[in-house]
Amino acid sequence: EKGGFEHFMLKEISEQPRSIADCMRGRLDAKGGRLVLGGLRDYMNKFQNADRIIITACGTSWHAGLVAEYLFEEFARVPVEVEYASEFRYRNPVINSKDFVIAISQSGETADTLAAIELAKEKGATIFGVCNVVGSSIARATHAGSYTHAGPEIGVASTKAFTAQISVLSMMALMLGYQRGTLPESTYMQLLSELESIPAKVEKALKLNNQIEKIAAQYKDASNFLYLGRGYNFPVALEGALKLKEISYIHAEGYPAAEMKHGPIALIDEEMPVVFIATQDSSYEKVVSNIQEVKARKGKIIAVVTEGDQTVKKMADHVIEIPMAHEAFVPLISVVPLQQLSYHIAVMRGCNVDQPRNLAKSVTVE
Ligand code: M6R
């Protein structure tokens, strides 16, 4: 049932071109300029007129929510708050009927996320679910929702569910921007085809697997890792670090690259591998200077860059070149090598990658 793969996690990483395409199938038609999310139809008015979008989730799904914050604010100019469900539910948060709450959950069974939904519902907000498991508790507790259609995810480390969540949220942000008039028609059309081109680019990125395995062999005995990115790649840095710690038990932290000099830079020495996501986007120049700062302190640099990059190549110990894409959709591609890196390191350390210690696939207790 692992389809010839040694572990479910690798199978699920490798399925991403298909799972992202499945998620967009019947919903996105770039040529026809059509974007339809059945679940949103009855709630489009609420969505469009919301004063604020609140996103609530846990773990990897919370990281997908952070990517969505950038998407919604950029395309639709709506204020967004991204909340850990466990904090949100106990904080007596200010919520009202003009809030549109998006709850993200692969399993649809996460106790804290479910409780956050119930709370927001009581306060009169509209609740929209982005779940993978059909008929799950969260899918049933929400007013409406869109499934991610990633197919069953067995590995405890979430991979294809994450990229499917971002795919749904990207479609939602594009729809909202178009409806609210913040995205001009021509930009909207262009973004539709940019999004449609992602599965083929993920397919290409997956081919880096052997290169990444070699990098993994060099760093498998590290005791710490730092992951740094900015803009759309900041949540990817958090996700890369989470993947590594949960399956390889190596301590890893993700940070916005610029926050480094407010503390974490003190950790950097020749023993510290630092993974930079440094693709060619609006924060590229800034990330390049952050790379220089790490280099000056002899940190080992593993950089995920855009194909053909020349600048970072001269500074980094390893470069992983991924296909060029619109910056808003880069997380769908840039996360893939980080998933593979954590996978290979964990296998080399003899860890049980599909069922890491102390973790359950769905966290049904708070
Ligand atoms: O099923 P959910 O998306 O609600 O689960 C949320 C987290 O428990 C989950 O993403 C967890 O962080 C994963 N093990 C990460 O790989």
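A total of 15 salt bridges was counted in the predicted model. Side chains of opposite charge can pair when their charged atoms come close. Three of these pairs are described below, together with their burial and their placement along the chain.

Glu15 pairs with Lys11 in a salt bridge whose closest N and O atoms lie 2.9 Å apart. Glu15 has a relative accessibility of 12% and is therefore classed as buried, the threshold for burial being under 20% relative accessible area. Lys11, at 18% relative accessibility, also counts as buried because its value falls under that limit. The two residues are part of a network of salt bridges that links Lys11, Glu15 and Lys160.

A salt bridge also joins Asp112 to Arg89, with a separation of 2.6 Å between the closest N and O atoms. This pair connects distant parts of the chain, 23 residues apart: Asp112 belongs to helix H6 (residues 111-122), whereas Arg89 is located in the loop between helix H5 (85-88) and strand S5 (99-105). Both Asp112 and Arg89 are buried.

A further salt bridge is formed between the side chains of Glu293 and Lys261, at an N to O distance of 3.7 Å. Because Glu293 is situated in helix H13 (residues 284-296) and Lys261 in the loop between strand S9 (251-256) and strand S10 (273-278), the pair ties together parts that are 32 residues apart in sequence. Lys261 has a relative accessible area of 47% and is therefore partly exposed, since values over 50% are required for a residue to be classed as exposed.

Definitions and conventions: Residues numbered from 1 in each chain as written. Predicted model: local features only at pLDDT ≥ 70, side-chain atom pairs only at ≥ 80, totals over all residues. Heavy atoms only, no water. Salt bridge = Lys/Arg side-chain N within 4 Å of Asp/Glu carboxyl O. Buried < 20%, exposed > 50% of the residue type's maximum accessible area, 1.4 Å probe, protein only. Helix = DSSP H or I, 4+ residues; strand = E, 2+ residues; numbered from the N terminus.
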